[in-house]
Amino acid sequence: MSLQGKHIIVGISGGIAAYKIPELIRSLVKAGAEVRVAATKNALEFVTELTLQTVSGSRVYSDVFAAINEHATEHISLPDWCDAMIVAPATANVLAKMAAGIADDALTTTICSCVARKPMVIAPAMNDKMWENPATQHAVDTIRGWENVSVIEPETGLLACGTSGKGRMPEVEELHEALEYALTPKTMQGRHILITAGGTQEKIDPVRFISNYSTGKMGIALAQACARRGAEVTIVCGAVSHPIRNPFGTIRRIDALSAQAMYEACIDLWSQTDIAILCAAVADFTPAKEASEKIKKQPGQTEWTLQLSATHDIARTLGESKHEGQKLIGFALETENEKENALAKMERKHLDAIVLNSLREQGAGFGVDTNRVTILKNSGNSVELPLQSKSAIAEGIIETLI
Ligand code: C5P
C-alpha cells in the first residue's frame, strides 16, 4: 500500500524521542502523504512548532481553545480527515490517558475521537523504569486489545537518560513501515510465505569467499509487502546489506549464508509453505573443499586453480516436490536471450511464474533502489512492470501473482 495521497495525523507527546519526528514527517511527505500534527504542550518543549509546521506544511494542533484553529472542533474534524494516525513517541502519561479514555488536551482529544474508527499506530517510548511500571503495562495491554490499534514494541538499548534498557522508540523507517502496515488490507492473512534474498557466500578458506553483487533489496521489499498484507513470512537471507523493516515482528528471519545452508533451510520450510518466492542469487558452484587455514601464495606462483562443485538447485528441488495448492515463483537475471532463457528455466524448475530482471536496463538489477521486470507466467501470459522503486515492484509482483 503506497502512502501516496493518504491523510496521516502524526500525534506527538513529550518524550525526548520527539526529536526524531520531523524526520518521520519528511519521509511521509516524500512518500506522497498529507500530514497534520497534533502535539502536547510538553512535546513542543522537545521539538519546535515551527519545525513541525515547516516539515508538515500545516499548522500544528496543540491548543484546543486557540482562536486560530480552523474549526471550533479540531479534535473531531482531524480524525474525520485522516486515513490513519500515529502516536510517536507515546509517553507513559499519554498511554495511561488513552487506556482510560481521558481527553484533556489537543492530542488526547484527537486520539479519543480517532481510535474507534481509523487505523492507529502507537509507538511507546520512555525510560525503562516507566515502561516497567505496572500501570503502563496495564495501559499498553488494554490498548493492544483494541481492534484498530497496532502497538510497536519499544526497543532495548541506550536510553536518553544514559542507562540501557527497554523503552527506545524504533527508527523512523520502522514507524513509516508500521503506517503502511496499518493501512494495508490483510488479504494474505494466514498464508505462509517463504522468501529467499541476497547473494550466497561460498567459503574458500577462513578469509575468502565467492559471492555476487546481490544485496537482497528485492527480496526484502517482497517480504515487507507480504507482511503488510497479514501473511506469515519467513525470509531466508544470504548476504543482505539492508535492514528488514519489521515493526510488528511478523517477519521471521533465518540467516543462511551458503548455498548449502540456504538449501537446507528451504527444504525444512517447504512443507509448511503456501507460496515460495526465490529471489536469492544462489551460487551454482561452491569450492569443492573449504581450506581450514588461509591458502598462502607460494613464491613465484602465477596461477591458482580452484576446484568447484555444483550446489543444489533449491528452486528445482522445491519444484519437483510441489504439491497441490503450493505456488513457486522464481527470479531470473539474464544478460542474453533473456525471455527464452527465463521460459526454459521456468519449465526446468517447475515454477508457476518467473520474474525476469535485465542487467542491461539502467536503474534495474543489483544494489539500486529501482527495478524494471517482466513477469512470465506458466499459463503463457506475461506482465511488464515499468521502472519504479523495488517496493512498488514488490507490490506489482504480489498483485499480479498472488
Ligand atoms: O538458474 P538460475 O540461477 O539462473 O535460476 C534463478 C532462479 O533459481 C532464482 O529464483 C534463484 O533464486 C533460483 N536458484 C536456486 N538455487 C540455485 C540457483 C538458483 O533456487 N542453486
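The exercises below work through the ligand site, the enclosed and open spaces, and two backbone details of this predicted model.

**Exercise 1. Describe the surroundings of the ligand, beginning with the residues and ending with the elements that supply them.**

Step 1. Begin with the shell: 14 residues surround the ligand, and the closest of them are Leu278, Ala280, His312, Ala315 and Lys345. Sorted by class, this shell around the ligand holds seven nonpolar, three polar and four charged residues.

Step 2. Next, look for polar atoms of the backbone that face the ligand, taking 3.5 Å as the cut-off for a polar contact. A backbone N or O atom of Leu278 lies 2.7 Å from an oxygen atom of the ligand, and a polar backbone atom of Phe331 lies 2.8 Å from an oxygen atom of the ligand. On the nitrogen side, a polar backbone atom of Ile314 is 3.0 Å from a nitrogen atom of the ligand.

Step 3. Then turn to the cover: the ligand taken alone exposes 450 Å², and the protein buries 87% of that area.

Step 4. Finally, place the site: the ligand sits in the second largest pocket, and the elements that give two or more residues to the shell around the ligand are helix 12 (314–320) and strand 17 (327–334).

**Exercise 2. Which elements give two or more residues to the lining of the largest cavity, and which gives the most?**

Step 1. Start with the count, which comes to one cavity of 30 Å³ or more; about 50 Å³ of space lies in the largest cavity.

Step 2. List the lining of the largest cavity, which includes Glu177, Tyr181, Gln224, Ala227 and Arg228, as well as Arg245, Asn246, Pro247, Phe248, Thr250 and Ile251.

Step 3. Assign these residues to elements: helix 9 (172–183) and helix 10 (217–228) are the elements that give two or more residues to this lining, and helix 10 gives the most, with three residues.

Step 4. By class, the lining of the largest cavity consists of five nonpolar, three polar and three charged residues.

**Exercise 3. Characterise the largest pocket by its volume, its lining and the classes of its residues.**

Step 1. The volume of the largest pocket is about 1100 Å³.

Step 2. Its lining is made up of 27 residues, among which Glu173, His176, Glu180, Gln224 and Ser391 lie nearest the centre of the pocket. At least two residues of the lining come from each of helix 1 (21–30), helix 9, helix 10 and helix 14 (390–401).

Step 3. Divided by class, the lining of the largest pocket has eight nonpolar, seven polar and twelve charged residues.

**Exercise 4. Locate the cis peptide bond and the positive phi of a residue other than glycine.**

Step 1. Recall the background: most peptide bonds are trans, and most residues other than glycine have a negative phi.

Step 2. The cis peptide bond joins Ala88 and Pro89, with omega about -10°, and Pro89 lies in strand 4 (residues 84–90).

Step 3. The positive phi belongs to Asn337, where the value is near 40°; Asn337 lies in the loop between strand 17 and helix 13 (338–348).

Key. Residues are numbered from 1 along each chain as its sequence is written. This is a predicted model: local features need pLDDT of at least 70, side-chain atom pairs count only at pLDDT 80 or more; totals for chains, interfaces and linings use all residues. Side-chain values use heavy atoms; hydrogens and water are left out. A residue is near a molecule or strand if one of its heavy atoms lies within 4 Å of it. A polar contact is a pair of N or O atoms within 3.5 Å; within protein, one must be able to donate a hydrogen and the other to accept it, and residues adjacent in sequence count only if both atoms are side-chain atoms. Accessible areas come from the Shrake-Rupley method with a 1.4 Å probe; for residues, only the protein chains shown count as cover. On a 1 Å grid over the protein atoms alone, a cavity is a set of points where a 1.4 Å probe fits but cannot get out, and a pocket is an open set with protein on both sides within 12 Å along at least five of seven lines; lining residues have an atom within 4 Å of a point. A molecule sits in a cavity or pocket if more than half of its atoms lie within 2 Å of its grid points. Helices (H or I, at least four residues) and strands (E, at least two) are DSSP runs, numbered from the N terminus. Ala, Val, Leu, Ile, Met, Phe, Trp, Tyr, Cys and Pro count as nonpolar, Asp, Glu, Lys and Arg as charged, and the others, Gly among them, as polar. Grid points are joined across faces, edges and corners, and a volume is the space filled by probe spheres set on the points.
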